[in-house]
Protein chains: 2
Amino acid sequence: MDQIDNQILSIIHENARITVSEMSRKIAMSQPAVTERLRKLEEQGVIKGYKAVLSPSKLIKYTTAFVLLKSNNCKEFEEFGEASPEIIDFYRTSGEYNYLLKVVTATSETLEAFLERCNTFGFSSTLVVLSTRFEDKSLVADAKLL
Amino acid sequence: MDQIDNQILSIIHENARITVSEMSRKIAMSQPAVTERLRKLEEQGVIKGYKAVLSPSKLIKYTTAFVLLKSNNCKEFEEFGEASPEIIDFYRTSGEYNYLLKVVTATSETLEAFLERCNTFGFSSTLVVLSTRFEDKSLVADAKLL
DNA sequence: TGTGAAACTGCATCGTC
DNA sequence: GACGATGCAGTTTCACA
């Protein structure tokens, strides 16, 4: 994990479909060398995968919310969580609430229906997202490069 | 946006670095046709980009938390948010709190330091993530395909 | 839009340092 | 580890349906 690996991570976090050749040009290193470094970063688990970022609104999902939930019924609630397509992110947390969910639904009505199902598992509190300033900022500190 | 587009989105959300040829095999369609559909999905903004998923712990970031914040000082707080590398996701929300942040830091000590800076902008409440059940589940309902 | 064929480009691999 | 060369795989482009 040196400076070059950081550059690779930064570039590929920006655009996961960039070709290895283009990357090798950007960081002034041969193509096989970049390929080998990428392979190792994947192997070590530094890179866990590559995902397309999709637009919820273009997929007719207009409501995003965070749901905090306090449940005793953990086993059952986790099964419910796995099976609910509305839940995009699912975290266990410390504090008054033991679960935090990011939920994306078509409208506020479908969110309401989801919350009613949630409330069978415990007490919940919901924060509706009004707007997203940014999402998924790079974890790599040194993001400055060409 | 037909069934084939859904398949393309599902596949590319799963693995953004898949080749178009491999995709064209999976969905039994010619490679130029898939390329053209991909191009349109990007152009329409359905696909907003492609990101590598990095492992926080492999980058020596062991603490993830969600910070709820109530601030009157919105302009200044948003500038602070833009400039803070610890903040990975930044949302404006309805309810008692008007901001929700996902924060990733090295340790609980660095989280504490960050929270102290936050508290100059208003009242905050923090939920520390104990574990992540899943993250970034597909928005495309029909995720079943080979 | 979708297809098939041809030219081009990028990638995996190997030998070398 | 990184480089340069090479054969193969993937992509782009185009004429045609």
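A polar contact is a pair of N or O atoms within 3.5 Å; within protein, one must be able to donate a hydrogen and the other to accept it, and residues adjacent in sequence count only if both atoms are side-chain atoms. The model is predicted: local features need pLDDT of at least 70, side-chain atom pairs count only at pLDDT 80 or more, and totals for chains, interfaces and linings use all residues. Residues are numbered from 1 along each chain as its sequence is written, chains are lettered from A and ligands numbered from 1 in the order in which they are written, and side-chain values use heavy atoms, without hydrogens and water.

**View 1. Polar contacts to DNA strand C.** A polar backbone atom of A:Val20 lies 2.9 Å from a phosphate oxygen of the strand. From chain B, the side chain of B:Arg37 places an N or O atom 2.8 Å from a phosphate oxygen. The side chain of B:Lys40 has an N or O atom 2.9 Å from a sugar or linking oxygen.

**View 2. The protein surface near DNA strand C.** Here, near means that a heavy atom of the residue lies within 4 Å. The strand is surrounded by 13 residues, with A:Ser21 and B:Ser30 among the closest. Of the strand's atoms within 4 Å of the protein, 76% belong to sugar and phosphate.

**View 3. Helices at DNA strand C.** Helices here are DSSP runs (H or I, at least four residues), numbered from the N terminus. Helix 2 (20-26) and helix 3 (31-43) of chain A, and helix 3 (31-43) of chain B, each give at least two residues to the surface. Helix 3 of chain B supplies the largest share, four residues.
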